[in-house]
Amino acid sequence: MKYIMGFTVASLICSTAAFAATEAKLTDPQIAHIAYTAGDLDIKAAKLALKKTHNADVKAFAEDMVKDHTAVNKQALALVKKLNVTPEDNATSQSLVTQEDAERARLAKLKGAAFDKEYVANEVAYHHTVNTTLEQTLIPSSSNPELKDFLTTGLKIFKGHEEHAQQLDAELK
Amino acid sequence: MKLFAAVWVMASLAMVTQVLARDIVITVKDVTFSPATVSAHVGDRLMWNNRDIVVHSATARNKAWDVVLPVNGSGKVVLKKTGHMDYYCKYHPTMTGSVDVSP
């Protein structure tokens, strides 16, 4: 299921990015919106996990996701305010929201070890997709150097999340 | 009088040891401890400066110390025992460092 999820999200992102590349480069306001949305979606998933999990390691991971993504998004808001950039909704943000809302609805029906495994598996796939998008599309496409630096810092933090999720995924197998 | 002299000598020795003790500064940025590996002597102080945008920690694997590092903040620990010590960030467990403490 996680592979279907990851593949679907990856395809949507790639097709949007490819479309964006041929028709028009993503703008800084759109990039800021995508980065903020990606973080916000992970916070929502983590809050669901905190309600459902009884596993101490999964709980610790979810707490880290809330803490880190909240801190990064707070910095993102401060940066766009400073740069006078208004984040702009776009097809990539919308497809991320659609996919992750559906995934959260699916996870909400699970419990116990089944929930833990599926939540963590999705976190691996989701972080991998978002990190690939950051690295291959959002960072190279961003015009403002401060936005580029901020996204680069964010990517390092999110790569750490991906590694943490992978370790946890292996533990739960 | 002899007791006073003894106390005075001990206090002076303690002060000199304190003056000779070093601060070893480790910068925390981009989810990395830098430098990741340090050498120190007993009495030295490890000081972590968090220049990242998220909270980190320096947590000894043997549970000897657990220092939370707020954003733009710092934390410190005085090294009291010799030996090799691994530590990590409890919020980002792939982030690791170590210290070798000699007498």
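1. At 23% relative accessibility, Asp30(B) counts as partly exposed, and this residue is a convenient place to begin reading what is a predicted model. Asp30(B) sits in the loop between strand S1 (23–29) and S2 of chain B. Its backbone deserves a look as well, since phi of Asp30(B) is near 55°, a positive value in a residue other than glycine.

2. Asp30(B) takes part in a contact between the chains: Lys156(A) forms a salt bridge with Asp30(B), the closest N and O atoms being 3.2 Å apart. The pair runs from helix H6 of chain A, where Lys156(A) is found, to the loop between S1 and S2 of chain B, which holds Asp30(B). On the chain A side, Lys156(A) is partly exposed, with 35% relative accessibility. In general terms, side chains of opposite charge can pair when their charged atoms come close.

3. A second salt bridge of Asp30(B) is made with Lys29(B), and here the N to O distance is 3.8 Å. Lys29(B) counts as partly exposed, at 39% relative accessibility. Elsewhere, salt bridges that share partners join Glu103(A), Arg106(A) and Glu118(A) into one network. Over all chains, the structure holds 13 salt bridges.

4. Val31(B) should be read together with Asp30(B), for phi of Val31(B) is near 55°, again a positive value in a residue other than glycine. Val31(B) has its place in the loop between S1 and S2 of chain B. With a relative accessibility of 13%, Val31(B) is classed as buried, because the limit for that class is under 20%. Asp30(B), by contrast, is partly exposed because its 23% falls between that limit and the 50% above which a residue is exposed.

5. The next loop of chain B holds another backbone feature to check, namely a cis peptide bond from Ser34(B) to Pro35(B), with omega near 5°. Pro35(B) is found in the loop between strand S2 (32–34) and strand S3 (37–41) of chain B.

6. Within chain B, the side chains of Arg22(B) and Asp44(B) meet in a salt bridge, with 3.5 Å from N to O. Arg22(B) belongs to the loop between H1 and S1 of chain B and Asp44(B) to the loop between S3 and strand S4 (45–50) of chain B, so the pair ties together parts that are 22 residues apart in sequence. The two partners fall into separate burial classes: Arg22(B) is partly exposed at 41% relative accessibility, whereas Asp44(B) is buried at 3%.

7. On the surface, Met1(B), Phe4(B), Trp8(B) and Val9(B) form a nonpolar patch, and together these residues have about 550 Å² of accessible area. Met1(B) lies in the segment before helix H1 (2–20) of chain B. With a relative accessible area of 81%, Met1(B) is exposed, because that class takes values over 50%.

8. Turning to chain A, its secondary structure comes to six helices and zero strands, which read along the sequence as α-α-α-α-α-α. Of the 173 residues in chain A, 50% are buried.

9. Three cavities of 30 Å³ or more are found in a search of the whole structure, and the largest holds about 130 Å³ of space. Among the 16 residues that line the largest cavity, those closest to its centre are Ala35(A), Ala38(A), Val130(A), Leu134(A) and Phe158(A). The elements giving two or more residues to this lining are helix H2 (28–52), helix H3 (56–83), helix H5 (112–141) and helix H6 (145–172) of chain A. By character, the lining of the largest cavity divides into 13 nonpolar residues, three polar and no charged.

10. The second largest cavity has about 60 Å³ of space, and its lining consists of Ala35(A), Ala38(A), Gly39(A), Asp42(A), His69(A), Tyr126(A), His127(A), Val130(A) and Phe158(A). H2 and H5 of chain A each supply at least two residues of this lining, and H2(A) gives the most, with four residues. The lining of the second largest cavity divides into five nonpolar residues, three polar and one charged, whereas the lining of the largest cavity has no charged residue.

Methods. Residues are numbered from 1 along each chain as its sequence is written. Chains are lettered from A and ligands numbered from 1 in the order in which they are written. This is a predicted model: local features need pLDDT of at least 70, side-chain atom pairs count only at pLDDT 80 or more; totals for chains, interfaces and linings use all residues. Side-chain values use heavy atoms; hydrogens and water are left out. Patches are made of residues with over 30% relative accessible area and no salt bridge: like charges are joined within 9 Å, nonpolar side chains (Val, Leu, Ile, Met, Phe, Trp, Tyr) within 5 Å. Accessible areas come from the Shrake-Rupley method with a 1.4 Å probe; for residues, only the protein chains shown count as cover. A salt bridge is a side-chain nitrogen of Lys or Arg within 4 Å of a carboxyl oxygen of Asp or Glu. Buried means under 20% relative accessible area, exposed over 50%, partly exposed in between (1.4 Å probe, protein chains only). On a 1 Å grid over the protein atoms alone, a cavity is a set of points where a 1.4 Å probe fits but cannot get out, and a pocket is an open set with protein on both sides within 12 Å along at least five of seven lines; lining residues have an atom within 4 Å of a point. Grid points are joined across faces, edges and corners, and a volume is the space filled by probe spheres set on the points. Ala, Val, Leu, Ile, Met, Phe, Trp, Tyr, Cys and Pro count as nonpolar, Asp, Glu, Lys and Arg as charged, and the others, Gly among them, as polar.
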